[in-house]
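Hi,

Here is the structure I promised to pass on to you. Have a look at it first, and then read on for what turned up when I went through it.

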Amino acid sequence: MKGKTDPWLHINPIRLIDMFMELVRIDSPSFSEHEIAAWLTGRLIALGLTVERQTYSKSFNLIGRKAGTVSGARSIMLSSHMDTVEPTKDLNLIRDSGIIKTGGTTILGADDKSGIAEILEVLHVLKDHDLPHGDIEVVLTSAEERGLIGAKNLDFDSLASRIALVLDCSGSIGRVVLAAPTHDVYTMSITGRAAHAGIEPERGTSAIKAAAKIIAAVPDGRIDPNTTANIGHIHGGTATNIVPKEVTIIGEIRSHDTDSLQRTKKAIFDTARRLSKKNQVRLQIEETRQYHGFHIGQDDEFVGLVKNVCEGLSITPEFIVYGGGSDANIFNSHGIKSLVISSGMQLPHTTDEYIKEEDLSLAALMLLGTIKAIAFDTKM
Ligand SMILES: [Zn+2]
């Protein structure tokens with residue numbers, strides 16, 4: 001049996017599951033990554049990596065580096081994020097029929113600790129069997145769940161890799177994200193005029209009324225096949241006896257198509273400006289780009305390499321266009337071709353989150369296969 005003798009298939013499922021369970025037991029909501037980072041630093045050093053901590057104002061990222069043993073092989077980056085969404089307090093871990101889940105009062109944190117455990121297992125296998133490989137950079141970010149903040153604060157000059165696998169997609173193993181949208185967020189501040197609602201309402205101009213007309217009129221939902229828009233937050237008014245002076249509206253636009261993004265934004269802002277004028281309120285708009293989108297073709301050489309790895313492992317590759325962002329958006333905009341692949345996490349960001357034990361192993365095999373393919377890649 002080939003599987004018994006080929007060291008590139010020598011994943012240790014028990015060790016991998018143990019590492020995963022240990023990782024999810026370490027509470028690490030965004031900006032509270034110290035404990036998990038200390039654990040990871042020890043582990044990475046024991047595996048023969050050098051570890052750098054890149055700090056920024058609110059937290060830090062960990063970069064592990066393992067020097068290659070194959071000259072001329074490309075450097076590859078493997079990435080996951082250390083933080084999780086909440087709730088995480090009083091985790092009750094349950095292992096049942098090949099599935100790891102919680103008691104239902106917290107999230108599991110497989111997003112993204114499954115990815116971290118899989119990377120660690122791969123490093124173990126490389127070390128145990130002294131397998132040949134190119135340079136490996138392990139990038140473990142913080143505060144991904146708060147708007148990719150860790151990734152945005154990485155020192156990109158310190159990273160040598162031009163290709164990356166980011167283990168931060170849910171669903172079956174073999175899912176590969178080839179495109180993600182550009183994401184803009186805007187805040188509209190509407191200012192009317194306050195007045196006593198019972199004594200002299202005539203003196204007032206209701207910001208709530210103007211906001212209601214704007215919200216009702218702007219395009220939203222699925223604008224076209226590439227673009228979505230949503231108003232997700234409104235805030236304003238103080239008391240029933242005051243004609244409300246101020247309202248804040250926060251919305252977003254996501255698109256895989258820059259022209260459509262600009263058109264949609266213009267339509268929303270123009271409508272808001274026209275209705276503000278008509279309703280005699282002041283309007284101030286601020287917008288911020290959360291991240292740039294990316295689009296990698298199926299004919300791309302790295303995509304082809306990952307596809308071959310999947311097929312060699314009897315994993316069916318599934319190339320998808322994604323509606324959400326990840327650290328890969330930031331990496332791609334800095335010139336690191338980054339594919340987001342499934343780590344096996346299921347129903348992330350919910351208390352029903354779970355992972356199949358066998359998917360942890362399958363994802364680790366896919367990573368190992370990619371490292372092997374890069375090491376022996378003669379095209380480069
Ligand atoms: Zn994630």
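Setting aside neighbours within four places in sequence, Leu-120 is in contact with Met-19, Leu-23, Trp-39, Leu-40, Arg-43, Leu-44 and Leu-47. One of these partners, Leu-40, shares a distinction with Leu-120: in the largest nonpolar core, which has 86 residues, these two touch the most other members. Another core lies apart from that one; it has 18 residues, including Tyr-186, Ile-190, Ala-229 and Ile-268. Please keep in mind that this is a predicted model.

For the overall picture, the chain has 380 residues, and 51% of them are buried. Its secondary structure amounts to 10 helices and 19 strands. The C-alpha trace spans about 85 × 45 × 35 Å along its principal axes. If you take the contacts between residues at least 6 apart in sequence, 79% of them join residues at least 24 apart.

Now to the metal site, which may interest you. Which residues hold the zinc ion? The protein donors are His-81 through NE2, Asp-111 through an OD atom, and Asp-168, which is listed with OD twice. They lie 2.0 to 2.8 Å from the zinc ion. The angles that the four donor atoms subtend run from 51 to 144°, which makes the arrangement irregular. A tetrahedral label would need all angles to lie between 85 and 135 degrees. For reference, the ideal angle for four tetrahedral donors is 109.5 degrees.

Along the sequence, the donor residues follow the spacing H-x29-D-x56-D. Asp-111 belongs to helix 4 (residues 110-128) and Asp-168 to strand 7 (residues 163-169), so this pair ties together parts that are 57 residues apart in sequence. Asp-111 and Asp-168 are both buried.

Asp-111 also takes part in an unusual bit of backbone. The peptide bond joining Asp-111 and Asp-112 is cis, with omega about 20°, and Asp-112 is found in helix 4. A second cis peptide bond runs from Glu-86 to Pro-87, where omega is near 5°. Pro-87 sits in the loop between strand 3 (76-81) and strand 4 (93-96). Most peptide bonds are trans, and most residues other than glycine have a negative phi.

That second habit has its exceptions here too. Ser-97 is not a glycine, yet its phi is positive, at about 50°. Ser-97 is placed in the loop between strand 4 and strand 5 (99-102), and with 72% relative accessibility it counts as exposed. Leu-347 likewise has a positive phi, near 50°. Leu-347 lies in the loop between strand 18 (337-342) and strand 19 (354-356), and its relative accessible area of 46% leaves it partly exposed.

Back in helix 4, there is a lysine to look at: Lys-113. Is Lys-113 buried or exposed? At 2% relative accessibility, Lys-113 counts as buried. Its side chain makes a polar contact with the side chain of Ser-28, at 2.9 Å. Beyond neighbours within four places in sequence, Lys-113 is in contact with Phe-20, Leu-23, Val-24, Ile-26, Ser-28, Ile-36, Met-82 and Thr-84. By contrast, Pro-219 is 38 Å from Lys-113, C-alpha to C-alpha, with the two 106 residues apart in sequence.

Finally, helix 6. Which residues of helix 6 (residues 207-217) are buried? They are Ala-207, Ala-210, Ala-211 and Ile-214. These residues cover an arc of only 100° around the axis, which puts them on the same side of helix 6. An α-helix has 3.6 residues a turn, so residues three or four places apart point the same way. The buried residues of helix 6 pack against strand 9 (182-191), strand 14 (246-255) and helix 7 (258-278). On the face turned away from that buried side are the exposed residues Lys-209 and Ala-216. At the N-terminal end, Ser-206 caps helix 6, with a side-chain oxygen 3.2 Å from the backbone nitrogen of Ile-208.

Enjoy looking around, and drop me a note whenever you like.

Best wishes

Note on methods
Residues are numbered from 1 along each chain as its sequence is written. This is a predicted model: local features need pLDDT of at least 70, side-chain atom pairs count only at pLDDT 80 or more; totals for chains, interfaces and linings use all residues. Side-chain values use heavy atoms; hydrogens and water are left out. Donors are N, O and S atoms within 2.8 Å of the metal (3.2 Å for Na, K and Ca); water is not among the atoms, so sites may look incomplete. Four donors count as tetrahedral if all angles lie between 85 and 135 degrees; four count as square planar and six as octahedral if opposite donors are over 155 degrees apart and all others between 65 and 115; anything else is irregular. Helices (H or I, at least four residues) and strands (E, at least two) are DSSP runs, numbered from the N terminus. Buried means under 20% relative accessible area, exposed over 50%, partly exposed in between (1.4 Å probe, protein chains only). Contact means heavy atoms within 4.5 Å. A polar contact is a pair of N or O atoms within 3.5 Å; within protein, one must be able to donate a hydrogen and the other to accept it, and residues adjacent in sequence count only if both atoms are side-chain atoms. A nonpolar core is a set of buried Ala, Val, Leu, Ile, Met, Phe, Trp, Tyr and Cys residues joined through side-chain atoms within 4.5 Å. The arc is that of the directions from the helix axis to the C-beta atoms.
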